[in-house]
Each structure stands twice: as structure tokens, then as C-alpha cells.
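Got your viewer open? Load the model, switch to cartoon view, and keep the selection box handy.

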Amino acid sequence: MQITCDDNGDFVLNPAELSSRFGLSGGEFKRKLQMGLVASTVEMGEGEDAGKRRLSLRIGNRIWRAILDSSNTVISEEMTFARAGTMKRTSRRTLA
């Protein structure tokens, strides 16, 4: 997956690749974006993780996470499912 940054420093991801990660059609993914049902977070690495970032996107109970190196190359990614009762996080924080 190619990830770039825009002029504001925001990450730009390919919607077709993201929709396939979530098992959605492009149209379904776009509707969820428009409805505000896609939540995202960026976590900045510290210490031995300095220069890395973790991107997380959540739709319903599905969470896609990617670890990026300093050149925005995905070095790992995973799809997980949130457990019932977990809080939705929307703030910027550091990698644990």
C-alpha cells in the first residue's frame, strides 16, 4: 500500500486499497466516510520506535493498523476486531 503525506502533513491512503482491507466495495467505503463512520488515529514512535508511526482506521468493530517507517513505507499491518465495550480513541498519542 502506498501512503503519502499532503501539504498539511496529513496521511493520504488509497481508498480502493483500504476498502479491500475492510472487505467493502469502494461505494460502501465512500458512504461510511461521508457518514463519519471511519475513525482514524496516528501514533508517533518514541525511543527505539522514533521515526515510526502507527496508523489505525476503525469502521464498526474492525480495526486496520499499519506501522510506517520514516519514509512512510508500511513495515507491518494487521486487521483486528474490537471487543465489546472498548472505548473509541480519537486522540494522537505515542506508540506503546
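What follows is a short walk through the chain, one selection at a time.

**The whole chain**

Before you click on anything, bear in mind that this is a predicted model. Start with the whole protein chain in cartoon: you should find two helices and seven strands. Going from the N terminus, the order of elements is β-β-α-α-β-β-β-β-β. Now switch on the surface. It adds up to about 6,300 Å², and carbon and sulfur atoms own 48% of that. Of the 96 residues in the chain, 27% are buried. As for long-range contacts, take those between residues at least 6 apart in sequence: 34% of them join residues at least 24 apart.

**Strand β3 and its partner**

Next, select residues 38-44, which is strand β3. Is this strand enclosed or open to the outside? Largely enclosed by the rest of the structure, because five of its seven residues are buried. Add β4, residues 53-59, to the selection. The two strands pair in the antiparallel sense, over seven bridges. For one of the pairings, show valine 42 and look across to leucine 55, its bridge partner in β4.

Now pick valine 38, also in strand β3. Show whatever touches it, skipping neighbours within four places in sequence, and you get Lys32, Leu33, Leu57, Arg58 and Ile59. Draw a distance from the C-alpha of valine 38 to that of glycine 60: it comes to 8.0 Å, for two residues that sit 22 apart along the chain.

**Serine 56**

Move along to serine 56 in strand β4. Its relative accessibility is 9%, so it counts as buried, the cut-off being under 20%. What does serine 56 touch, once residues up to four places away in sequence are set aside? Ala39, Ser40, Thr41, Glu43, Trp64 and Arg65. Keep Glu43 and Arg65 from that list on screen, as both come back in the next stop.

**The salt bridges**

The structure holds four salt bridges; here are three stops among them.

- Select glutamate 43 and arginine 54. Their side chains meet in a salt bridge, 2.8 Å from N to O. Glutamate 43 belongs to strand β3 and arginine 54 to strand β4, eleven residues apart. Glutamate 43 is buried, with just 1% relative accessible area.
- Now show arginine 65 and glutamate 78. They form a salt bridge too, with the closest N and O atoms 3.8 Å apart. This one links strand β5 (residues 62-68), home of arginine 65, to strand β6, home of glutamate 78, across 13 residues of sequence. Arginine 65 is partly exposed at 26% relative accessible area, and glutamate 78 is partly exposed at 41%.
- Finish with arginine 21 and glutamate 77, whose side chains meet in a salt bridge of 2.7 Å, N to O. Here a helix is tied to a strand: arginine 21 is in helix α1 (residues 15-21) and glutamate 77 in strand β6 (residues 74-81), 56 residues apart. Both ends are partly exposed, arginine 21 at 28% and glutamate 77 at 36%.

**One last look**

Leave glutamate 77 and glutamate 78 displayed together on strand β6. In a regular strand, side chains alternate between the two faces of the sheet. With that in mind, rotate the view and trace each glutamate to its own partner: arginine 21 for glutamate 77, and arginine 65 for glutamate 78.

Terms used: Residues numbered from 1 in each chain as written. Predicted model: local features only at pLDDT ≥ 70, side-chain atom pairs only at ≥ 80, totals over all residues. Heavy atoms only, no water. Helix = DSSP H or I, 4+ residues; strand = E, 2+ residues; numbered from the N terminus. Buried < 20%, exposed > 50% of the residue type's maximum accessible area, 1.4 Å probe, protein only. Contact = heavy atoms within 4.5 Å. Areas by Shrake-Rupley, 256 points an atom, 1.4 Å probe, with all protein chains shown as cover. Pairing = 2+ DSSP bridges.
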